[in-house]
Amino acid sequence: MTAPTSSPDQYETEFNHKCFHTFSKQPYKWQSDVGGSMLRSKRTKQRAIHQLCIRPTGGGKSLLFTTLAACLGRITLCITPL
């Protein structure tokens with residue numbers, strides 16, 4: 001099996017672009033890192049990556065999962081305490 005030929009930051013760039021153009025928000029660095037990692041896993045068919053995101057209220061969790069849902073174009077399940 002060959003390694004993906006795309007640059008390592010292609011997925012973070014995709015995440016940032018979708019975040020800005022869909023929600024008019026510039027993501028934090030940690031959001032780009034997590035979003036890019038999850039997109040990379042999905043697009044390159046790597047093993048599943050399980051993520052647990054713990055941030056304070058207003059810390060940007062919603063932007064992360066809604067942007068990922070917009071990038072993937074699928075139903076996204078997010079379990080929150082609300």
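Three salt bridges, defined by a side-chain nitrogen of Lys or Arg lying within 4 Å of a carboxyl oxygen of Asp or Glu, are present in the structure. The structure is a predicted model, in which local features need pLDDT of at least 70 and side-chain atom pairs count only at pLDDT 80 or more, whereas totals for chains, interfaces and linings use all residues. Residues are numbered from 1 along each chain as its sequence is written, and side-chain values use heavy atoms, with hydrogens and water left out.

Lys29 pairs with Glu12 at an N to O distance of 3.9 Å, a contact that links distant parts of the chain, since Glu12 belongs to helix H1 and Lys29, 17 residues apart from it, to helix H2 (helices being DSSP runs of H or I with at least four residues, numbered from the N terminus). Lys29 also meets Asp33 in a salt bridge of 2.8 Å, N to O, and these two residues, 4 residues apart in helix H2, are separated by about one helical turn. Through shared partners, the salt bridges join Glu12, Lys29 and Asp33 into one network. Lys29 is exposed, at 57% relative accessible area, and Asp33 is partly exposed, at 31% (buried means under 20%, exposed over 50% and partly exposed in between, with a 1.4 Å probe and protein chains only).

Arg43 forms a salt bridge with Glu14, with the closest N and O atoms 2.5 Å apart; this pair again connects helix H2, which holds Arg43, with helix H1, which holds Glu14, across 29 residues. Both are partly exposed, Arg43 at 37% and Glu14 at 25%.
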